[in-house]
Amino acid sequence: FIGHLPRITARPDQIKQLRQTILNLAVRGQLVPQDPDEEPSKRWFAGLGRGSKSQKRKDVLSQAKSDEDGDSPFSPPIGWIWLKVADVFEVAGGIQKTPNRTPRNNAFPYLGVGNVYRGRLDLREVKKFELEDGELERRRLEPSDLLIIEGNGSINEIGRCAIWHGEIADCVHQNHVIRCRPKDLKIAPFTLLFLNSPLGVEIMQRLAITSSGLFSLSVGKIREIDIPLPPLPEQLRIVAKVDELMALCDQLEASLTTAQTEASRLLESVLHNALNTPASSQISQLST
């Protein structure tokens, strides 16, 4: 597959579609081989945590969609399981920005809509607002938290999702950014791939409600999203393969853009030189 990428991508505008294809294959279990000896996701989920919630997990498993189900968005490989976000993440809204949040004596950085994009964070401008006593402990972002944009004026931007790696100390999030904290940190990277994949985006767009032209997701809607989870080792392989292919796409995009730019400059040079010759009128007509 990798060896064929340069041949099937002849223009920079094809790279975007190629990235979407890679994500689509990845979240459907078609990018890396499966290993039948790996612990199935059902067994992993059954052992997730301990205590009084074990019965609840059994109830979830009894209702969970698996590879045998026909009503799932797709039929995943053996060993995968469909679970709701709420089954494996703690989902919480952020802090509403009000006048009493003006920075004073207890101000801390927060992430807003302008900081969270698909698969990346833009931290060049991070604002602060005032927190109440004890609020930082309850609201502080932790590494592997997934951040989802709750609303946007464009349906194509709804549900933008990125992962927090602890880039800024003592950082919280605004209410327009929904936080999903994984109950097992290892599932965060694959879940991020799924939510930003064509299928994940389609699911969130379908769940979004429209009010005055604004597409919006609520904490409740996010909790109900169905996500496919492969065995943990397979998740790691998928994420690694996607990273490898996306890096190759970056290289292809750069090389194609450079080649196109050089070709344009060459054409401009040729025309410039040609237009200063006796045949300039003919060249000018051909170039228009």
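**A walk through strand E8, Asn115 and two helices**

Visitor: In strand E8, are the side chains of residues 146-149 buried or exposed?
Guide: Keep in mind that this is a predicted model. Leu146 and Ile148 point one way from E8, while Leu147 and Ile149 point the other way. On both sides, the answer for these residues is buried.

Visitor: Which residue stands opposite leucine 147 in E12?
Guide: Let's start with the neighbours of E8. Strand E10 (residues 161-163) runs antiparallel to E8 and is joined to it by three bridges; there, alanine 162 is the bridge partner of leucine 147. Strand E12 (residues 177-182) is also antiparallel to E8, with four bridges between them. In E12, the residue opposite leucine 147 is arginine 179.

Visitor: Which backbone oxygen lies 3.0 Å from a polar atom of the side chain of asparagine 115?
Guide: Asparagine 115 sits in the loop between strands E4 and E5, and it counts as buried because its relative accessibility is 6%. A polar atom of its side chain lies 2.9 Å from the backbone nitrogen of glycine 112. Beyond four places in sequence, asparagine 115 touches residues including Tyr110, Arg120 and Glu125. The backbone oxygen you are after belongs to glutamate 125.

Visitor: How is helix H7 oriented relative to H8?
Guide: The axes of H7 (residues 188-196) and H8 (residues 198-207) come within 4 Å and cross at roughly 65°. Angles of 65 to 115 degrees fall in one class, so H7 relative to H8 is roughly perpendicular.

Visitor: How many residues of the contact of H7 with H8 are nonpolar?
Guide: From H7, Phe194, Leu195 and Asn196 meet H8 residues, among them Pro198, Ile203 and Met204. Two residues of this contact are polar and none is charged. The nonpolar ones number seven.

Notes: Residues are numbered from 1 along each chain as its sequence is written. This is a predicted model: local features need pLDDT of at least 70, side-chain atom pairs count only at pLDDT 80 or more; totals for chains, interfaces and linings use all residues. Side-chain values use heavy atoms; hydrogens and water are left out. Axes are lines fitted to C-alpha atoms, for helices over the stretch in contact, and angles run from 0 to 180 degrees between N-to-C directions. Helices (H or I, at least four residues) and strands (E, at least two) are DSSP runs, numbered from the N terminus. Angles under 35 degrees count as roughly parallel, over 145 as roughly antiparallel, 65 to 115 as roughly perpendicular and the rest as oblique. Contact means heavy atoms within 4.5 Å. Ala, Val, Leu, Ile, Met, Phe, Trp, Tyr, Cys and Pro count as nonpolar, Asp, Glu, Lys and Arg as charged, and the others, Gly among them, as polar. Buried means under 20% relative accessible area, exposed over 50%, partly exposed in between (1.4 Å probe, protein chains only). Two strands pair if DSSP finds at least two bridges between them. A polar contact is a pair of N or O atoms within 3.5 Å; within protein, one must be able to donate a hydrogen and the other to accept it, and residues adjacent in sequence count only if both atoms are side-chain atoms.
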